[in-house]
Amino acid sequence: AWSVQPIASPSVPVQPVPGLEAYRLVFINGHFAPEHSDLPVAEGVQCMPLSAAPEQKWQATAHEDDWFAALHAAKHQDGLYLEVAKSVVVDRPIFVHHIAEGEGVAAFPRHVVRVAEGAQVQLVSWHSAAAASTGLVVDRWDVAVGDRARCDLDQIEALAGPVHLVHFPCIEQGRDSHFRIHSVSPQVHWTRHDLRIRLTGS
């Protein structure tokens, strides 16, 4: 059976890129690990685990037409909650590290990002797993990029063990906004990307 138990001390490094100047949120099997995290504290930036934020509506309807997304909607766990106020530029990347630890792991992280008009942020979503880890990770990003705002999302999959990955980036873009996504898979057993973008600006 799949397991959704949190692990206090993962067997992979919580900082997989030594020396990287970035804010960091670490999630182990879908559970926030505050002892391994370093959140930004700056005017115009609200950054916290989703479990500490107000309840968020689903931005897109992926869970209504895809069974992986429906499974995620039923089981979703913690993730990043980020709001960047108008014209604010976040000074460093925000590094979100997902760690799958153990046998038969099932994790369903959900992230909500709101980038207001003219604001800018760079996000890094990094997935790790030890060689002995197995299971499934389904993650979802609900990202709203306001008019003339910019959001970059880099997804890296570096999993030594056979952990299956399914990604649902659901993006809403305002007028003259910019959203960029790159996916790099140096080590992964099986992965699927389901990118959905909706233009809201006139």
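Reader: What is the relative accessible area of E117 in this structure?
Author: The model is a predicted one, and the value given here is computed from it. Because residues count as buried under 20% and as exposed over 50%, E117 falls in between and is classed as partly exposed, with a relative accessible area of 31%.

Reader: Which residue meets the side chain of E117 in a salt bridge?
Author: The bridge has an N to O distance of 2.1 Å. This pair links distant parts of the chain, 31 residues apart, with E117 in the loop between β7 (110-115) and β8 (120-129) and its partner in the loop between β9 (135-145) and β10 (150-159). The partner, partly exposed at a relative accessible area of 40%, is R148.

Reader: Leaving aside its neighbours within four places in sequence, which residues is R148 in contact with?
Author: R148 has its place in the loop between β9 and β10, and its side chain forms a salt bridge with that of E117, so E117 is to be expected in the list, given that a salt bridge requires a nitrogen within 4 Å of a carboxyl oxygen and a contact requires heavy atoms within 4.5 Å. With sequence neighbours within four places set aside, the contacts of R148 are E117, G118, R175, D176 and S177.

Reader: How far apart are the C-alpha atoms of R148 and T191?
Author: Along the chain, R148 and T191 are 43 residues apart. In space, their C-alpha atoms are separated by 32 Å.

Reader: How many residues apart in sequence are the parts that D147 and R175 tie together?
Author: D147 forms a salt bridge with R175, and the closest N and O atoms of the pair are 4.0 Å apart. Because D147 lies in the loop between β9 and β10 while R175 lies in the loop between β11 (163-173) and β12 (178-187), the pair ties together parts whose separation in sequence is 28 residues.

Reader: What is the relative accessibility of R175, the salt-bridge partner of D147?
Author: D147 is partly exposed, with a relative accessible area of 26%. R175 also counts as partly exposed, because its value lies between the limits of 20% for buried and 50% for exposed. The relative accessibility of R175 is 34%.

Reader: In which strand does R180, the salt-bridge partner of D152, lie?
Author: The closest N and O atoms of D152 and R180 are 3.5 Å apart in their salt bridge. D152 is in strand β10, so the bridge ties this strand to a part 28 residues away in sequence, and R180 lies there in strand β12.

Reader: Is D152 buried or exposed?
Author: The relative accessible area of D152 is 10%. Because that value is under 20%, D152 counts as buried.

Reader: Which residue of β7 is the bridge partner of E83?
Author: Strand β4 (residues 80-84) is mostly covered, with 4 of its 5 residues buried. Strand β3 (residues 45-49) runs antiparallel to β4 and is joined to it by 5 bridges, and within that pairing Q46 has E83 as its partner. β4 also pairs with β7, in the parallel sense and over 4 bridges, and there the partner of E83 is R114.

Reader: What accessible area do L195, I197 and L199 have together?
Author: L199 is found in strand β14 (residues 196-199), and it counts as exposed because its relative accessible area of 66% is over 50%. Together with L195 and I197, L199 forms a nonpolar patch on the surface, with an accessible area of about 300 Å².

Technical notes: Residues numbered from 1 in each chain as written. Predicted model: local features only at pLDDT ≥ 70, side-chain atom pairs only at ≥ 80, totals over all residues. Heavy atoms only, no water. Patch = residues over 30% accessible without salt bridge, like charges linked within 9 Å, V, L, I, M, F, W, Y side chains within 5 Å. Areas by Shrake-Rupley, 256 points an atom, 1.4 Å probe, with all protein chains shown as cover. Helix = DSSP H or I, 4+ residues; strand = E, 2+ residues; numbered from the N terminus. Buried < 20%, exposed > 50% of the residue type's maximum accessible area, 1.4 Å probe, protein only. Pairing = 2+ DSSP bridges.
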